[in-house]
Amino acid sequence: MAALAEPAVSLWSPSDKLSPRIRKLRDEYFSYSSRDYFRNEVMPFTTGQPWDVVYSEHTWGVAPEVYPFMDAFKTSLLVDARTVPLQPEFWREPAIIRRALFFREVAEKHLPVQVLEGELIAGGQFNTASSRTLTKSEARKFKKMEKRYVRTLKELDSYGYGNAGATPGHLIPDYPTVLKIGFRGLREKFEALLAQAASPSHRDFLRALIICAEVPRTLAGRYARKLRELSARESDPGRRQELLRMAEICARVPEEPARNYWEALQSLWFTHILVMAAESYPGPGLSYGRFDQYLGPFYEQDLKSGALDRETAKEILESFFIKNNYVYDFQGRVGNNQGINSSFGQLITLSGMGPGGEDLTNDFTYLCLDVIEEINLLEPKPNVRLHKNTPDRLLRRVVEIVSRAQGAPFLINFDEISIRALEWIGLPKDKLWDYAPVGCLENTLQGNDRSGTVDVNINLAKAVELVLFNGRDQATGKQVGPRTGDPRQFRTFGEFFQAYEKQTLHVMEKLIGLYNLSDEIRARFEPVPYLSALVRGCETSGKDVTQGGPEFNFITMEAAALATTVDSLLAVKKLVFEEKKIGMDELIRAIAANYEGYDLLRQKLTNKAPKYGNDDPSSDELARRVSRFWSEAVTRYTSPFTGRRYRAGYLSWNYWIAYAPKTAATPDGRQRGTFLSNGVCPVNGADRHGPTAVINSVGNLNLSTIPNGSSHTISLSPSLARGREHQEKLMGLLRANVEHGSSALQINILDPETLKKAQKNPDEYKNLLVRVTGYNAYFVTLGKEIQDEIIARESHRT
Amino acid sequence: MDESSATGIVFSIQKFSTEDGPGIRTTVFLKGCPLHCPWCHNPESLSPRPELVWHALRCLGDGACLKACPEKALTRAGSVLQIDRKRCIACGICVEECPAAALEILGKKMTVTEVMAEVRKDSRYYEKSGGGVTFSGGEPTLQSEFLRELLEACRAAGLHTALDTCGQCRPETLAALLPGVNLVLFDLKTLDRDALKRFTGGQLDLILDNLRLADSRGIPIWVRVPVIPGYTDSPANIEAIARLVGSDLRHVERLDLLAFSNLCLAKYEQLGMEFALKGSPLFSPEEMLALREAAERAGAKNAVVSGPMRSNGPA
Ligand code: SF4
Ligand code: SF4
């Protein structure tokens, strides 16, 4: 039995190269159920007022699987919340100061301080559900608006339009500045600004930033004391020394600038976990940016001076990596999200180009790659930036890891394609070489950009249904969209397409309206001054990160079902209008019947119409038209309360699954419930000419109107990645995608047999990671439906 | 003469072809073969004419094809569609009418321009990976005029070309093609003159003359040996081939030992043909590696094993 499973399991276990200490720390993380002495679960904190709010629905609005539990979370968190004692003056302060003071109280007095045996990076519990510190009248307004938001959210979700909600995380704080000048340096900056600030609200805001910038020192100081206590009790002299050293480090950073590698990683970790504590959001998309660029110099300097050796540097980094995985403990209490156990995506970006297009790979990049390969964990999630001048050595190492890993150990981002689209949306050209993705693949600038990268999600295929039924939703029978006419009367495909455009605009506007409401709620009632201290632009604009304060502010609409939509339009165009092989009336009746009793017709639609994904110029042309239409249209909208402008992306997250049952049958032959297409990928099985043709089709979309980035996954059987010769070919494939393709690519190397075995013996394959759509998931935690889907996808591609 | 108006019968154009030469390639399979190797994994390539095939698994049994065929070439016996190959003229009408893509014509008449349009789509991949275009079959030299123009067009487009041949053609034909070829993939099955004749219909002397001809032009050659149980898998045969390429020839860069594959069984059944090796097991990696060692001992410089092999553990 064990022998049977061995090959796959050994691929997925951590490498034997891990030191006993790291292996133990890694196992400890996985032992959630027996780890009763330490769990990073959500800790709710309240002001104690009966009207207090510690949970807001819009924070989870983009996660439909959470909707059924929202009420329960809201109530139980408040019931369980610990009351933070506050001075009476507290309530006389303006809202922004109240949030800062409350955060300070929580971090200084209530966050537990605990150090795990053997760990080299300290900082344990950070998951909070923190009071919004609202007054009674604020709370009344908040609740009223939030209620309206939830009602609209559920309505639009039920129609299968998509969802929207002002979501925390999903940005890159300005960590390098903390490493460079410490929080003390930040406070000095804010104080200088305070001396000049004229408006009272700007002054309040800066005072709030200063209060928050004191918090890291206090929290780190509590850890320093704890570490000294532990060292006094430690019997092992080696560990005693380590604990003392860690205590010294925590006594210094992140208050002061980091002087060396260890201090830098410790400073980074404190700064990072406090963002999660401040936002009361357990980490999704809270990303590190160009990790190897700002840590590389510390590593090289310490190595050169002899203060550090590679093995120690590696252990410290591994300890840091393991800590990042504790974000998942959050799910222990509020329940695992349903169906998909996705990775949170605290993304680290590696390599990439410099201002002159030169490559910036350094020694630390390679150290990170070794750690990624050996430790095999979900977090932090790595993304490697490739470009024209990427050296063969890096590319070879990336391909080597991809091919050994059976799964996709990282996302690959393509610089030139990403930068072109960021420039198109109007970001300053000379800064774009220093972009970095957040979450999965969502391109942003670093340390100054809040672009709401997952905040609005549209199901593009819904508009096709609305055209066919003149604005009527098939599941509910309700007239939800505009009446664009009875399609039986359309004489040309042009008329059909126009109706499609109108329905798309309708769906977009509904979602935008919903988002604007949540954007206003967050901006009015939920400032996060600690995060604002870490995002450039806020301090000078005097506006919070939630209020459009950062230098760059977009709201991203992410689309799912592009290929389903395109293939549907292609089928209508060719079979109904051009060849007249199928009547519109027959098509509408078949779709209303979900193709029950219309199998022949369904077969014709499936087999006799062209499909996106085959490098076929006329199909790709229509795909480009669809893609450009909505992605250009969305940029004409802004959110009135914050002034943030909309932009487009193709992430699809899990919505290609979530909205499948809420989308009627489609003219490409798909039945209700069958998954929609994902990112810029073709419909499963529609691509018949292999990965080069698919990548070409994706490139033909012209993704320069998609600044947020586009998710593309290709799956290859292991045989295509085995051995040096084939790995060289994969390198060629990636080099070609640098010029023409998606902005982000994941390569899954897995064979269906392995997956089938994993489905049968989940216990033996606990570690099997698969890439679902821009994120990793443990295969055995996925629902059977999704597992089957993945197996089917792999089977026809081997 | 408008070069591009030349036409040939192509049975498949395979993108991201990774097993037919260096880099990422597109392999253009031309239809028709003078040999009849019992292990052929492209049985659809043997006949030079387009042929109709029926995919039983996809068939809905609605009978649209039966009604559509103007030649009355189709009949149904139970759930099996029978194609009367004497009547069928491969006109494709039934294919057009079949809703399920259960019928397919293998072999399409294409112009040089059409083939080149497909081939050029992947130029970027050839450039980035050191790949190019491979012409295979069947035996591509059978359509020598078409092939010559294709090679010419590739050269004009700056694309690396590989010619996959069994060597069973007139030396003049090969000589006329070689100037457009950057790499020869030369299939050599056995040096046993009688066995070769009996199993495949090939003439060893002609084939070796052609191999020497290619070598004399200084074109890099990869000799490829299909390792087939009971036919070509004796160490003696592999050693003999290795000695030949290691001593007599100067431009053989590599000796590929291609392990027998049984994946083509379904294709035989679709075409209503017998697969002589039905039931033969795959080789184990150890068996293939032993042959590689034998080849290297006999003087082959760069012997490479590939193809499907038996996994050792339980399936
Ligand atoms: S290809 Fe033409 S002749 Fe042959 S079976 Fe089909 S319709 Fe009849
Ligand atoms: S038309 Fe196609 S699906 Fe129908 S019986 Fe003929 S082969 Fe089968």
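1. I would start with Leu422(A), which sits in helix H15 of chain A, a helix that spans residues 415-424. This is a predicted model, and the remarks below should be read as describing computed features of that model. Leu422(A) has a relative accessible area of 0% and is therefore buried, since the cut-off for that term is under 20%.

2. The surroundings of Leu422(A) deserve a look in the viewer: leaving aside residues up to four places away in sequence, Leu422(A) touches Leu427(A), Leu432(A), Tyr435(A), Asn443(A), Arg647(A) and Pro707(A). Leu445(A) stands 23 residues from Leu422(A) in sequence, and the two C-alpha atoms are 9.2 Å apart in space.

3. Leu422(A) shares its burial with other residues of H15(A), namely Asp415(A), Ile417(A), Ser418(A), Ile419(A) and Ala421(A). The cover over these buried residues includes four strands of chain A, S7 (381-386), S8 (411-414), S10 (442-444) and S14 (645-649), together with helix H26 (723-739) of that chain. Just after H15(A) comes Gly426(A), whose phi is positive, at about 105 degrees.

4. Turning to the nonpolar interior, the largest core contains 228 residues, and Tyr261(A), Phe291(A) and Leu317(A) are those with the most contacts inside it. Apart from that core lies another, of 71 residues, which counts Leu30(B), Val133(B), Ile207(B) and Ile221(B) among its members. As for Tyr261(A), the residues that it touches, again without those up to four places away in sequence, include Phe298(A), Tyr299(A), Asp302(A), Leu308(A) and Leu317(A).

5. On internal space, a search of the whole structure finds 9 cavities of 30 Å³ or more, and the largest of them holds about 130 Å³. Its lining is made up of 15 residues, of which Arg99(A), Pro168(A), Glu279(A), Glu526(A) and Val528(A) are the closest to the centre. By class, the lining of the largest cavity divides into 6 charged, 5 polar and 4 nonpolar residues.

6. Ligand 1 is surrounded by 13 residues, the closest being Cys69(B), Cys88(B), Cys91(B), Gly92(B) and Cys94(B). The shell around ligand 1 comprises 11 nonpolar residues, 1 polar and 1 charged.

7. Ligand 2 also has its surroundings in chain B, where the shell includes Trp54(B), Cys59(B), Cys65(B), Cys98(B) and Pro99(B), as well as the run Leu60(B), Gly61(B), Asp62(B), Gly63(B) and Ala64(B). Ala102(B) and Leu103(B) belong to that shell too. Sorted by class, the shell around ligand 2 has 9 nonpolar, 2 polar and 1 charged residues.

Terms used: Residues numbered from 1 in each chain as written. Chains lettered and ligands numbered in written order. Predicted model: local features only at pLDDT ≥ 70, side-chain atom pairs only at ≥ 80, totals over all residues. Heavy atoms only, no water. Near = heavy atom within 4 Å. Nonpolar A, V, L, I, M, F, W, Y, C, P; charged D, E, K, R; others polar. Helix = DSSP H or I, 4+ residues; strand = E, 2+ residues; numbered from the N terminus. Buried < 20%, exposed > 50% of the residue type's maximum accessible area, 1.4 Å probe, protein only. Contact = heavy atoms within 4.5 Å. Core = buried A, V, L, I, M, F, W, Y, C linked by side-chain atoms within 4.5 Å. 1 Å grid on protein atoms, 1.4 Å probe; cavity = no way out; pocket = protein on both sides within 12 Å on 5 of 7 lines; lining within 4 Å. Points joined across faces, edges and corners; volume = space filled by probe spheres on them.
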